[in-house]
Amino acid sequence: MNKLFNLDNPFWNSMDRVFDLFIANVLWLVCCLPVFTIGPSTAAFFYVLINMARGEDGIVSRDFFRSFRQNFRQGAGFGLLMTATGAFLAIDINMCYHSGTGIYTFFMVFFAVLFLLWASAALYSFALLAKFEKKNMEILVWAFLLAMGHPAQTILMLFVTAVGLWACHLLP
């Protein structure tokens, strides 16, 4: 019985990790409410997750807000740029889909490929922003090279993201 309530018990260690993830998710959600802060919020979220994966656990809220402040200016601009690019590509795909056949089918496929390349780079870009002090173009180049250099992981991450978005769509 003494082992059950020991705080070094593996069960309580895993519950501590789950609670830290919950706190990081709530902080990300709250800080994303003004839409222009999606970039720094996502970078701060990745900063906390990277530290947790490395075993450099600290106080989640303190680490989150420290990274949020450090990446606010660059992350806000970068996040708006990535959001605008993704929205532009999604709107183009939708317009080509509803326009009919012929040349519109070609452009729909073209924009879909560009959207997949954009999504692949977006998966890596905010984690890079969280850990490195580079310019936006350097981050995009690194993200694109990582996405193309690790195709299996990138496809898996795209699949998991798509399934998560699809599940959110199904929820009322």
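**Entry 1: the big pocket.** I looked up the largest pocket and found 25 lining residues, with W118, A122, L123, T161 and L165 nearest its centre. Note to self on the terms: on a 1 Å grid over the protein atoms alone, a pocket is an open set of points with protein on both sides within 12 Å along at least five of seven lines, a cavity is a set where a 1.4 Å probe fits but cannot get out, and lining residues have an atom within 4 Å of a point.

This is a predicted model, where local features need pLDDT of at least 70, side-chain atom pairs count only at pLDDT 80 or more, and totals for chains, interfaces and linings use all residues. Residues are numbered from 1 along each chain as its sequence is written, and side-chain values use heavy atoms, with hydrogens and water left out.

**Entry 2: its walls.** I got about 1100 Å³ of space for the largest pocket; a volume is the space filled by probe spheres set on the grid points, which are joined across faces, edges and corners. Which helix gives the most to this lining? It's α5, with seven residues. Helices are DSSP runs (H or I, at least four residues), numbered from the N terminus. I sorted the lining into 19 nonpolar, six polar and no charged residues.

**Entry 3: the cavity.** I searched the whole structure and got one cavity of 30 Å³ or more. The largest cavity holds about 40 Å³ of space. Its lining includes D20, E56, D57 and D63. I counted three nonpolar, two polar and four charged residues there. α2 gives the largest share of that lining, three residues.

Conventions: Helices (H or I, at least four residues) and strands (E, at least two) are DSSP runs, numbered from the N terminus. Ala, Val, Leu, Ile, Met, Phe, Trp, Tyr, Cys and Pro count as nonpolar, Asp, Glu, Lys and Arg as charged, and the others, Gly among them, as polar.
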